[in-house]
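Biologist: I would like a close look at a single part of this model, with the numbers given plainly.

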Amino acid sequence: MDASFWALIGLIIFLGILAYIKVPAMMGSALDKRADQIRNELEQAKKLREEAQQLLAEYQRKRKEAEAEAADIVSAAEKEAAVLRDEAKAKTEEYVSRRTAMAEQKIQQAEADAINEVRATAVDLAIVAAENLIGKKVDSKASDALFKASLGDLKARLN
């Protein structure tokens, strides 16, 4: 009997002992446990991935809503600014037209005052000229007659 025969017998005995103490079953159950553990980890990873995708979708939706709200706020602010600008423009135009009307009214008043002053000055000059003319051409009898006539005319107008 040579050494390879004894090696074969040793191998068979060793395999028999392993089968007797159920090593293949233990290895199988250990591999099954490991496979179950890997399967559970894969399922948890899949759940975590789905949750992450849901969170991502929710955050993207919230971001879009925030962008839409920001756009609405900007739009409302632009509209309000346009309204305020239009109001300011209208108030400015009203103020300018009021000031222009007041200036025109002052100019008209100044013109009327100037015309009245010119008329008063002309009347005063005419009176002075008339006095000078009457003083040179009328004697005392004619002066008394003119005075009495003027006095009578004045009484008639006052009554």
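Is Arg39 buried, partly exposed or exposed, and what is its relative accessible area? Please take the salt bridges of helix α2 from there.

Modeller: This is a predicted model, so side-chain atom pairs are counted only at pLDDT 80 or more. Arg39 is partly exposed, with a relative accessible area of 45%. That value puts Arg39 in the middle class because partly exposed covers what lies between under 20% (buried) and over 50% (exposed). The partner of Arg39 is Asp36, and the closest N and O atoms of this salt bridge are 2.6 Å apart. A salt bridge is called within 4 Å, so the pair qualifies. Asp36 is partly exposed as well, with a relative accessible area of 37%. Both residues belong to helix α2, which covers residues 23-137, and they are 3 residues apart, about one turn of the helix.

In general, side chains of opposite charge can pair when their charged atoms come close. The count for the model is 4 salt bridges, and the one between Arg39 and Asp36 is among them.

Further along helix α2 there is a salt bridge between the side chains of Glu58 and Lys62, at 3.3 Å from N to O. Here the spacing is 4 residues, again about one turn of the helix. Glu58 has a relative accessibility of 31% and counts as partly exposed. Lys62 is also partly exposed, at 40%.

Another salt bridge joins Glu65 to Arg61, with the closest N and O atoms 2.9 Å apart. These two residues also lie in helix α2, 4 residues apart, about one turn of the helix. Relative accessibility is 44% for Glu65, which counts as partly exposed. For Arg61 the value is 42%, also partly exposed.

For contrast, helix α1 (residues 3-20) contains Leu15. Leu15 is one of the residues of a nonpolar surface patch of about 490 Å², along with Leu8, Leu11, Ile12 and Phe14. Leu15 is partly exposed at 47% relative accessible area, so it passes the patch requirement of over 30%.

The aromatic contacts can be stated briefly. The count is 1 aromatic pair. Phe5 and Trp6 form it, with 5.7 Å centre to centre and 70° between the planes. The pair is edge-to-face because that term applies to planes over 60 degrees apart. Phe5 is partly exposed, with a relative accessible area of 33%.

Terms used. Residues numbered from 1 in each chain as written. Heavy atoms only, no water. Patch = residues over 30% accessible without salt bridge, like charges linked within 9 Å, V, L, I, M, F, W, Y side chains within 5 Å. Areas by Shrake-Rupley, 256 points an atom, 1.4 Å probe, with all protein chains shown as cover. Buried < 20%, exposed > 50% of the residue type's maximum accessible area, 1.4 Å probe, protein only. Phe/Tyr/Trp six-rings, centres within 6.5 Å; stacked < 30°, edge-to-face > 60°.
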